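Thank you all for coming; I would like to walk you through one model this morning, beginning with its interior and moving outward from there. Please have the sequence and the structure open while I talk.

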Protein chains: 2
Amino acid sequence: MNDISFNTRANTRDCGTCPIRHRAVCARCQPDELEQLDAIKYYRTFEAGQPVIWSGDPMEFVSSVVSGIATLSQTMEDGRTQMVGLLLPSDFIGRPGRNTAPFDVVAVTDLTLCCFRKTPFENMMEKTPAIGTRLLQMTLDELDSAREWMIVLGRKTAREKIASLLTILARRDASLHVKPPRDGMSFELPLTRESMADYLGLTLETVSRQVSALKKSGVIELQGKRRVIIPDLNRLISETGDDMDGGLIT
Amino acid sequence: MNDISFNTRANTRDCGTCPIRHRAVCARCQPDELEQLDAIKYYRTFEAGQPVIWSGDPMEFVSSVVSGIATLSQTMEDGRTQMVGLLLPSDFIGRPGRNTAPFDVVAVTDLTLCCFRKTPFENMMEKTPAIGTRLLQMTLDELDSAREWMIVLGRKTAREKIASLLTILARRDASLHVKPPRDGMSFELPLTRESMADYLGLTLETVSRQVSALKKSGVIELQGKRRVIIPDLNRLISETGDDMDGGLIT
DNA sequence: GCGCAACTTTGATCAGGATCAAGACAAGAT
DNA sequence: ATCTTGTCTTGATCCTGATCAAAGTTGCGC
């Protein structure tokens with residue numbers, strides 16, 4: 001027996017083989033599986049801006065993000081693009097049972113992935129049902145997040161959209177730190193204004209204007225163009241239009 | 001051995017215990033499991049308009065839609081609502097491993113669900129890993145659909161949104177029939193203009209106007225307010241803004 | 001038949017965000 | 001220092017879809 005629990009984003013642990021703390025499948029490596037894992041596991045790194053895989057490409061691995069940030073997005077023929085997900089450390093990329101990528105994956109910052117060759121991974125899943133269970137839980141989480149994002153895209157105003165995105169980023173950032181948010185948290189924006197626009201279904205000009213507007217209202221402060229200071233998180237949350245007590249995508 | 005394959009929406013089969021053809025978990029009942037299944041399985045029916053469950057409510061069952069249509073939606077405090085999913089026969093409702101419903105589920109038409117009490121279902125999942133695998137595949141499908149819907153909500157014009165919705169409904173309807181679409185397919189709109197608006201992130205007036213506009217352009221025809229005739233599906237698809245050859249949510 | 005309620009269409013006007021256009025700013029490169 | 005390049009901000013204008021309002025349609029109960 002061992003005490004491995006299903007780690008949540010706020011409750012990560014060292015897996016012993018990967019360089020950082022994370023919660024994805026390879027974080028659950030068990031000692032006697034490591035030999036085999038090492039045979040099928042490898043790291044890949046990407047520079048900021050590089051594509052990881054294009055929609056429709058054959059995909060011979062599954063992976064989890066070790067460090068850096070990637071985006072999951074889709075582009076129409078005429079160039080309109082929509083981000084459908086933000087991949088942060090510990091997030092999982094890939095589809096056991098599928099052969100092609102359904103969306104574009106692009107490295108936003110320098111990116112390291114911990115990859116598993118797909119077939120051996122699938123075999124491992126069969127032998128270790130806990131992995132499948134874990135993956136199902138993660139997928140259900142992602143599905144809920146995706147659905148919660150729909151109300152942002154479909155029903156929120158530009159200002160609410162920006163506030164929603166900043167809230168998510170602030171919360172994700174806060175969960176990386178040990179100290180709980182002493183008011184006056186701050187974080188580095190990983191996205192350009194254009195990426196934010198693609199995530200929110202806006203134009204980059206509107207994003208810029210609304211960020212400025214939130215600054216003018218005192219809801220946020222900026223140091224340079226990328227560092228965001230949030231004097232009062234509840235104030236920001238109240239700008240999202242959401243219920244105060246939760247529900248927002250984590 | 002048996003030849004049960006992972007059924008897709010276009011490839012359903014009789015499960016032998018449920019009244020109609022469908023592809024969800026209970027469609028995969030195996031003869032020797034039936035006795036036990038009957039002990040934990042039951043049907044529930046809802047009238048059109050009735051809620052099945054509210055977001056946040058404790059949820060003691062999982063289920064699949066046997067007949068009728070339900071919506072999955074979310075409402076903000078001020079009343080703005082966004083549908084995040086359309087549940088058609090064979091779709092699965094519920095979260096193994098969760099105790100509360102993440103979204104509102106409402107019956108749009110008269111609805112029959114095939115329900116399984118959650119704990120016994122989860123036990124069954126543990127004993128029969130194929131169920132978990134199947135559920136993971138279905139969840140991955142739903143996740144892809146949810147993400148594909150994001151580009152509709154975030155980047156499409158009102159006309160494209162309507163065309164996208166009609167295309168999905170037309171395709172789903174077509175997959176229920178044996179004959180492939182002899183051009184000139186038609187189907188009954190299951191949704192009111194308001195529900196369509198909530199699905200597409202529009203107002204009901206805009207939906208009405210754009211439906212009229214598509215009619216005036218000859219892309220669709222209407223018999224009464226609810227029956228839609230599609231003389232040329234490709235013509236409709238070209239109005240969605242999507243790539244001709246696929247990709248659209250199924 | 002009539003009346004009523006729910007749903008739908010259509011019109012007039014408004015506004016939020018898109019679009020077009022010009023600069024501002026910062027970090028590197030020469 | 002100057003030029004370049006990419007990113008961001010700000011302004012002016014336009015247009016799509018929202019909002020407000022009224023009337024048309026359908027189905028149902030009586």
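The largest nonpolar core in this predicted model has 117 residues, and those with the most contacts inside it are A:Ile162, B:Trp149 and B:Ile162. By a nonpolar core I mean a set of buried Ala, Val, Leu, Ile, Met, Phe, Trp, Tyr and Cys residues joined through side-chain atoms within 4.5 Å, where buried means under 20% relative accessible area, exposed over 50% and partly exposed in between, with a 1.4 Å probe and protein chains only. Helix H4 of chain B, residues 158-176, contributes the largest share of this core, nine residues; helices (H or I, at least four residues) and strands (E, at least two) are DSSP runs, numbered from the N terminus. There is also a second, separate core of 28 residues, and among its members are A:Met138, B:Val62, B:Val66 and B:Leu135.

Let me add the conventions. Residues are numbered from 1 along each chain as its sequence is written, while chains are lettered from A and ligands numbered from 1 in the order in which they are written. Because this is a predicted model, local features need pLDDT of at least 70 and side-chain atom pairs count only at pLDDT 80 or more, whereas totals for chains, interfaces and linings use all residues, and side-chain values use heavy atoms, with hydrogens and water left out.

How, then, are the two copies related? Chain B can be laid on chain A with an RMSD of 0.0 Å by a turn of 180 degrees and a shift of 0.0 Å along the axis, the superposition being by least squares on the C-alpha atoms of residues with pLDDT of at least 70 in both. The two copies are thus related as by a two-fold rotation axis. Moreover, 100% of the interface residues of chain B are also interface residues in chain A, so the copies meet through the same surface.

Turning to the DNA, I call a residue near a strand if one of its heavy atoms lies within 4 Å of it. Around DNA strand C there are 17 residues, of which A:Ala158, A:Thr206, A:Arg209, B:Arg193 and B:Ser208 come nearest. Of the strand C atoms within 4 Å of the protein, 63% belong to sugar or phosphate and the rest to bases. H6(B) gives the most to the surface near strand C, with five residues. Polar side-chain atoms of A:Thr203 and of B:Arg226 each lie 3.0 Å from a phosphate oxygen of strand C, and for B:Ser212 the corresponding distance is 3.1 Å; these are polar contacts, that is, pairs of N or O atoms within 3.5 Å.

DNA strand D is surrounded by 18 residues, the closest being A:Arg193, A:Ser208, A:Arg209, B:Ala158 and B:Thr206, and sugar and phosphate account for 62% of its atoms that come within 4 Å of the protein. Which element gives the largest share of the surface near strand D? That is H6(A), with five residues. Here a polar side-chain atom of B:Thr206 lies 2.3 Å from a phosphate oxygen, a polar side-chain atom of A:Ser208 lies 2.7 Å from one, and for B:Ala158 a polar backbone atom is 2.7 Å from a phosphate oxygen.

Conventions: A polar contact is a pair of N or O atoms within 3.5 Å; within protein, one must be able to donate a hydrogen and the other to accept it, and residues adjacent in sequence count only if both atoms are side-chain atoms. Contact means heavy atoms within 4.5 Å.
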